[in-house]
Structures are given as C-alpha cells and as structure tokens.
Amino acid sequence: MSEACLGCGTCTFVCPTCQCFDIRDFKTREGVVRYRCWDSCMYSDFTLMAHGNSRTTQMQRFRQRFMNKLVYYPSQNDGLYSCVGCGRCVNKCPQKLNIVKVIKTLGGKTND
Ligand code: SF4
Ligand code: SF4
C-alpha cells in the first residue's frame, strides 16, 4: 500500500490529529532565534538521530503513520483512535491514498 506514497507529507499537515513538530534554530542579525515548526513522520529525516535513522524506507514511514493512529495511540488512550474520520488526508493526497483501505486491510470495520 505504501508503494504509491510520494512522501510529500500533505496528509500530516491537513490532519487535525497529527501533532509532530521540530525545533529549529534560525540565525538572525539579533542573534539565534529558536522556534517550533510542523514536521511530518512521512519525511525521510523525521527520525534522523546522531546514530542514524530508525526508519529508512517510505514503507516504514507509511506504516508508522497508520499504526500510530489506529494501533499505538488507542493502546495507550483507552481505545481512542487518533483519527476522527474527517477525510482531509484522502481529499488532499496527490496519490489518493486512503486510510479506509488501510483500516480494512488491518481487519477493521468502517461505516461506508
Ligand atoms: S481522516 Fe483521520 S488520518 Fe485523515 S486527516 Fe482526518 S483525522 Fe487525519
Ligand atoms: S499525502 Fe499521500 S503521497 Fe503524500 S505523504 Fe501522505 S500518503 Fe504519501
């Protein structure tokens, strides 16, 4: 399912439950300004650490996004999914990748 994913990150920026961020230092004439900005688990450098990167393929990144919303988050939050079913990611994805297909592939049920 991940083969068509371009890794553009659009799905994560329009998603109301995605919350990943990065900390950046920006050099200005008045000195260094530290700020927080959006980041995306779909980007290849998202998990980059001093020892390397724990997710080296788009398949791993794609898997992480859906496993977090549908499996990991519910397991730590009384079964609450990290997806409200708004469909923004489906509408904006240039490849029309669909969380409903992922849910069905994982064996879940949907209302459609
Ligand atoms: S359908 Fe779910 S994963 Fe997609 S944007 Fe809405 S909350 Fe996020
Ligand atoms: S919007 Fe679609 S193509 Fe872009 S990262 Fe998300 S799933 Fe992949």
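This report describes the fold, the internal spaces, the salt bridges and some single residues of a predicted protein model.

## Overall layout

The protein has four helices and four strands. Read from the N terminus, these elements follow the order α-β-β-β-β-α-α-α. The C-alpha trace extends over about 55 × 30 × 25 Å along its principal axes. Of the 112 residues in the protein, 29% are buried.

## Cavity

The model contains one cavity of 30 Å³ or more. The largest cavity encloses about 140 Å³ of space. Its lining consists of 16 residues, and those closest to the centre are C5, C11, M42, C93 and L97. By character, the lining of the largest cavity splits into eleven nonpolar residues, four polar and one charged. Helix α2, which covers residues 58–76, contributes the most to this lining, with three residues.

## Second largest pocket

The second largest pocket has a volume of about 220 Å³. Sixteen residues line this pocket, and C18, Q19, C20, C41 and N68 are the ones nearest its centre. The lining of the second largest pocket is made up of five nonpolar, seven polar and four charged residues. Here too α2 supplies the largest share, in this case five residues.

## Salt bridges

There are two salt bridges in the structure. The table gives the partners of each and the separation of their closest N and O atoms.

| Basic residue | Acidic residue | Closest N and O atoms |
|---|---|---|
| R24 | D22 | 2.8 Å |
| R34 | D25 | 2.7 Å |

In the bridge between R24 and D22, R24 is partly exposed at 40% relative accessibility. Its partner D22 is also classed as partly exposed, with a value of 22%. The cut-off for a buried residue is under 20% relative accessible area, so D22 at 22% is not counted as buried.

In the bridge between R34 and D25, R34 has a relative accessibility of 61% and counts as exposed. The class of R34 follows because exposed means over 50% relative accessible area. D25 has a relative accessible area of 45% and is therefore partly exposed.

## Nonpolar surface patch

Where does the model show a nonpolar patch on its surface? The residues F26, V33 and Y35 form such a patch, with an area of about 290 Å². One of these residues, Y35, belongs to strand β2, which runs over residues 31–38. Y35 is partly exposed because its relative accessible area is 37%, between the limits for buried and exposed residues.

## Contacts between distant parts of the chain

Two residue pairs link positions that are far apart in sequence.

M59 is located in helix α2. Its C-alpha atom is 7.1 Å from that of E3, although M59 and E3 are 56 residues apart in sequence. M59 has a relative accessible area of 47%, so this residue is classed as partly exposed.

S2 sits in the segment before α1, the helix of residues 10–14. The chain separation between S2 and V102 is 100 residues, and their C-alpha atoms are 10.0 Å apart. Is S2 buried or exposed? With 13% relative accessibility, S2 is buried, because that value is under 20%.

## Positive phi angles

Which residues other than glycine have a positive phi value? D78 is one of them, with phi near 50°. This residue is placed in the loop between α2 and α3, the latter being residues 88–92. At 83% relative accessibility, D78 lies over the 50% limit and so counts as exposed.

K96 is another such residue, and its phi is near 55°. K96 is in the loop between α3 and α4, where α4 spans residues 99–105.

## Helix α2 in summary

Helix α2 recurs in several of the items above. Three of its residues belong to the lining of the largest cavity, and five belong to that of the second largest pocket. The partly exposed residue M59 lies in this helix, and D78 is in the loop between α2 and α3.

How values were computed:
Residues are numbered from 1 along each chain as its sequence is written. Chains are lettered from A and ligands numbered from 1 in the order in which they are written. This is a predicted model: local features need pLDDT of at least 70, side-chain atom pairs count only at pLDDT 80 or more; totals for chains, interfaces and linings use all residues. Side-chain values use heavy atoms; hydrogens and water are left out. Patches are made of residues with over 30% relative accessible area and no salt bridge: like charges are joined within 9 Å, nonpolar side chains (Val, Leu, Ile, Met, Phe, Trp, Tyr) within 5 Å. Accessible areas come from the Shrake-Rupley method with a 1.4 Å probe; for residues, only the protein chains shown count as cover. A salt bridge is a side-chain nitrogen of Lys or Arg within 4 Å of a carboxyl oxygen of Asp or Glu. Helices (H or I, at least four residues) and strands (E, at least two) are DSSP runs, numbered from the N terminus. Buried means under 20% relative accessible area, exposed over 50%, partly exposed in between (1.4 Å probe, protein chains only). On a 1 Å grid over the protein atoms alone, a cavity is a set of points where a 1.4 Å probe fits but cannot get out, and a pocket is an open set with protein on both sides within 12 Å along at least five of seven lines; lining residues have an atom within 4 Å of a point. Grid points are joined across faces, edges and corners, and a volume is the space filled by probe spheres set on the points. Ala, Val, Leu, Ile, Met, Phe, Trp, Tyr, Cys and Pro count as nonpolar, Asp, Glu, Lys and Arg as charged, and the others, Gly among them, as polar.
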